[in-house]
Every structure is written in structure tokens, then in C-alpha cells.
Amino acid sequence: MENVLRSILVNSLDFQDHLGSEWKEKAENLEVELQQCYKAQARLSEQLVVEVAESRASKSLLQEKETLITDLQNELNQARDECSHLTELLGEKTKALELLMAEHQDLKAQLEAMTLRANNAEAENKTLVDRWMLQKMQDAERLNEANALYGDMLDKVKAASIEKLARQQVDGVVRQSEDGAEFYVESSIPSTCKQRIPAHDGGCASILFEYNSSKLISGGQDRAIKMWDTTSGSLTKSFYGCLGSVLDLSITHDNKFIIAASSSNNLYVWDANSGRIRHTLTGHIDKVCAVDVSKFSSRYVVSAAYDRTIKVWDLQKGYCNNTIIFHSNCNSLAFSMDALTICSGHVDGNLRLWDVQTGKLLSEVAAHSQAVTSVSLSRNGNMILTSGRDNLHNLFDICTLEICGTFRSNANRVASNWSRSCISADDGYVTAGSVDGSVHIWSVSNGKMFAQSTKLVIILIVKPQMGLTL
């Protein structure tokens, strides 16, 4: 029994040993598998982390793509809206272009019609100009015949003492029935000084008489305009308001307005009765050196300045009607008797005639070898007297610009670019001042010098004495 038990115990121990080795082996296998599982779990965890990171990055990228898609969708919608708007604008512009094309065609047709009318008008105008020139030539011929007849009759007057009959029969001569004829019918050679008047501080630059009056108007460097009684030599009225030296004066034919050209680049118009300034004519950009008033209507004024322009002014409205621009400055100018032509003397020595309405140059002549200083018309309007720095005084026919006489003297020297000369009221004498203060008088008929004096009944512009000599 003991042996049986001992054998059973031995067997049991052997079985336990055998069973324990199997379980141990299994446990070791399981432990190896567990370690492998841990390793696999670690790898899977790492892979999971990578996958999660990639998933998050993919999700972020997806959100960015979705945002970009949304923005692109919005831009696409805006582009579609803008495209629709542009399509509408294109339609409107197309319609406007079609309308403009239609208007262009209409205007083109009108232009062609106007061009045809202009060509016809130009041809008609050329015909009219030719007829006008022919008429002018005929008028000039008749005027020359009248002038010749006038000269012949003056010779007969001197020979047979019939001057009154000649003045009543020949056109272009002042008749005794004309207003103011008593002041101009006869001109005599002065011999004595009648008045000496202290007039202006700094010098007297311009003087003139009122029409049909013995009153004298003067202007000087003291910026004042003064009116004098030549009988007594007393000052009757003064005109103020000019902002520069007075360089030239003119007066309307009805004696209502006095116009002064000034170194302040302006012209000033005074009411002769009230002494107040009516207009200040602005527009020149340099000193105004010459002015004249139309003798036909007393409405229009012409002026010249050292800005190379000649301007025509309307006294009623107070503004410039026309501007003539030329390369040579004008020193002196004058209206023709019919107020349709401007006669101007220039620094280049030429005498030029301009159309008042159009401003076109009608004709010109080389009057002097140096600057023209004075331009004045005869009372009948047929002759133009010019003076120049070459110390010559030339008389021209206003129609043909042919020279009719030249007056000179070795003792006569022109003082400045604004030294004036004039023709006597009966168109029989030419008078000019000299740099030495003397005045020279020539006969128009024979060109001989009658007198040379410093004390005359004629008005003198005296430089150092700052006064007037009568």
C-alpha cells in the first residue's frame, strides 16, 4: 500500500513536473507573444499618432480648400455680376456709338453742304473783292483827278485870288459852311511867342486842341491831364486818375471825352465836362504809346503799345473789339477819315494800313530807313505825313501809298521814337520839331522851308522847361 501510494506520489510528482514544464513553456511563449503584442501595440500607437496628425493636417488642408473654394465661388459670382454689368454697358455703348455714327454721318453731310456753301461764298466773295478793288481803283483815279484838279485850282487861286470859289467847288477841301471852318480855313506862318505856360513836372509828352476851340489839352510825366485857355494862358481844368506817365492824347470829335495813353499799360477815358474817369481800357501788357479816336463816329478808339499789338476799342461798351498782332512795335497811328482804315508807323520804318473790321494788312510801304515816329493825316484825309528817326518827313497818297513829297533840313533832327509832326489845317504846310527845341515849317506845294523858330504860335513840347510855348 505504501508502495502503491509511493508510486502514485512519484507518478504525481513526475506528472506535476511534466505539467509544470509545459505550463512554463506556454507561459514563456505567452510572455513572448505578450511582448510582441506590446511591440505591435507600440507600433500601432505610433502609426495611430502619425495617422491622427496626418488626419488633422488633411482636415486643416480640407478646410483651407473649402475656404478657397468659397472665395473662388464668391469671386466667380462677382465676376459673373461684373460681366453682366459690362455686357449691359457694352450694349449701351454700342447703342451710343451707333447714335454717334449716325450723328457723325449727319454732321459729315452738313459739313459737305457747308463746305460747298463756303466754296460758293468764297467764290462770290472773290468776285465781290475784285469788283470792290475795281471800284476802289476807279475811286482812286477819280480822287487823283480831284486832287489834281484841286492843285490846279489852288494855283489858279494864288494867281487870280479865287480861293473861296475853289474851296466851295473841290471835294476834300474844308468849306466855309462846315462847322469850325473859321478855325482852319487859313494858316499863317507864326513869328512871335504868344504864351509860355509852366505845365507839368518832369516834362510834357503830348498836347492837342479841342475841336473848334482855342482850349489846349496837355499830358505829362506827372500823370496829370490839364486843359488851358490859350488866350490868357490860365489853367481851366485838371484831370486825375492816370497811374502812369501820359504818352499820347486824343479827344472825341464832339469834345465829350479825352483819352490818354499811359506807361501803366492802360488807356484812360475822362468825361471832359465832369472831369471823372468813365473807362479804364485794359488789355495791353506794355506801355501804350499812341492813341487816336475815330473822326467818323467818336465811338471807336485805336491804340498801340510796345507789346506789338494794335487794339480797337468801343467807347460805349468799354472793351476791345479787335486786336492786331505784328512783329514790329508801332510808335504812332491814326484813323482814316472814314474810320475804316488804321494807318500805323512802326519801328522797322514801314507805314502800314489795316482794315479796322478784319484786322488784315491792306498795304504797306517802306516809309523810312529807321523807326517811324509820327503818323498824321491831312484834314481832307487824302495824305499821310510820316516822320522818322532818319530825320525825314514824307508825305504819302493814302490810296496808292506813293510818296508825294519829302521834307528835310540839316538843322532838323528827330528827338525820339515819339516825336510828332503835323500838317496845317489848310493842308498847305508841314511842321516838325527838332531835338534842339526849334520848330521847322515847310511848304507842301514846293517843299521849301519857310521858318525855323523856337517861339511860335504852334504848340511846342519843351523838354527841360517842363512847359508849353505858344
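Reader: What makes Phe-239, Tyr-268 and Trp-270 one aromatic cluster?

Author: In this predicted model, the three residues Phe-239, Tyr-268 and Trp-270 together form one aromatic cluster. Rings count as a pair if their centres lie within 6.5 Å, and the structure holds five aromatic pairs by that cut-off.

Reader: Why is the pair of Tyr-306 and Trp-418 called tilted?

Author: A pair of aromatic rings is described by the distance of the centres and the angle of the planes. For Tyr-306 and Trp-418 the centres are 5.9 Å apart and the planes stand at 45°. Since planes under 30 degrees apart count as stacked and those over 60 as edge-to-face, the pair of Tyr-306 and Trp-418 is tilted.

Reader: Which parts of the chain does this pair tie together?

Author: Tyr-306 belongs to the loop between β11 (300–305) and β12 (309–314), while Trp-418 belongs to the loop between β21 (403–407) and β22 (421–423), so the two rings tie together parts that are 112 residues apart in sequence.

Reader: How do you know whether Tyr-306 is buried or exposed?

Author: The relative accessibility of Tyr-306 is 18%, and because buried means under 20%, Tyr-306 counts as buried. Trp-418 has a relative accessible area of 31%, which lies between the 20% and 50% limits, and therefore Trp-418 is partly exposed.

Reader: What makes Phe-407 and Trp-442 an aromatic pair?

Author: The centres of Phe-407 and Trp-442 lie 6.3 Å apart, which is within 6.5 Å, so the two rings pair, and the angle of 45° between the planes makes the pair tilted. This pair links distant parts of the chain, with Phe-407 in strand β21 and Trp-442 in strand β24 (residues 439–443), 35 residues apart. Phe-407 counts as buried at 1% relative accessibility, and Trp-442 counts as buried at 0%.

Reader: Where does the charged end of Lys-287 sit?

Author: The charged end of Lys-287 sits over the ring of Tyr-306, at 5.3 Å from the ring centre, and the distance rule for such a placement asks for a value within 6 Å.

Reader: Why do Asp-248 and Arg-420 count as a salt bridge?

Author: Side chains of opposite charge can pair when their charged atoms come close. The closest N and O atoms of Asp-248 and Arg-420 are 3.8 Å apart, and because the cut-off is within 4 Å, the two residues form a salt bridge. Asp-248 lies in strand β6 (residues 246–251) and Arg-420 in the loop between β21 and β22, so this salt bridge ties together parts that are 172 residues apart in sequence. Asp-248 is buried, with a relative accessible area of 10%, whereas Arg-420 counts as partly exposed at 29%. By this rule the structure has five salt bridges.

Reader: What makes Asp-348, Arg-352 and Glu-364 one network?

Author: Arg-352 meets Asp-348 in a salt bridge of 2.7 Å, N to O, and Arg-352 also forms a salt bridge with Glu-364, where the closest N and O atoms are 3.0 Å apart. Glu-364 lies in strand β17 (residues 361–366) and Arg-352 in strand β16 (residues 350–355), so their salt bridge ties together parts that are twelve residues apart in sequence. Arg-352 is buried, with a relative accessible area of 2%, while Asp-348 is partly exposed at 30% and Glu-364 is partly exposed at 39%. Salt bridges that share partners join Asp-348, Arg-352 and Glu-364 into one network.

Reader: Why are β14 and β17 called edge strands?

Author: Four strands form an open sheet in the order β14-β15-β16-β17, with antiparallel pairing. In this sheet β14 (330–335) and β17 each pair on one side only, and they are the edge strands. From one strand to the next the twist averages 20°.

Reader: How do you know that β15 and β16 pair?

Author: Strands pair if at least two bridges are found between them, and because β15 (residues 341–346) and β16 share five bridges, they count as paired, in the antiparallel sense. Within this part of the structure, Ser-344 stands opposite Arg-352 in β16.

Reader: How many helices and strands does the protein have?

Author: The protein has two helices and 27 strands, and buried residues make up 37% of its 470 residues.

Key:
Residues are numbered from 1 along each chain as its sequence is written. This is a predicted model: local features need pLDDT of at least 70, side-chain atom pairs count only at pLDDT 80 or more; totals for chains, interfaces and linings use all residues. Side-chain values use heavy atoms; hydrogens and water are left out. Rings of Phe, Tyr and Trp (its six-membered ring) pair if their centres lie within 6.5 Å; planes under 30 degrees apart count as stacked, over 60 as edge-to-face and the rest as tilted. Buried means under 20% relative accessible area, exposed over 50%, partly exposed in between (1.4 Å probe, protein chains only). A charge sits over a ring if NZ of Lys or CZ of Arg is within 6 Å of the ring centre and within 35 degrees of the ring normal. A salt bridge is a side-chain nitrogen of Lys or Arg within 4 Å of a carboxyl oxygen of Asp or Glu. Axes are lines fitted to C-alpha atoms, for helices over the stretch in contact, and angles run from 0 to 180 degrees between N-to-C directions.
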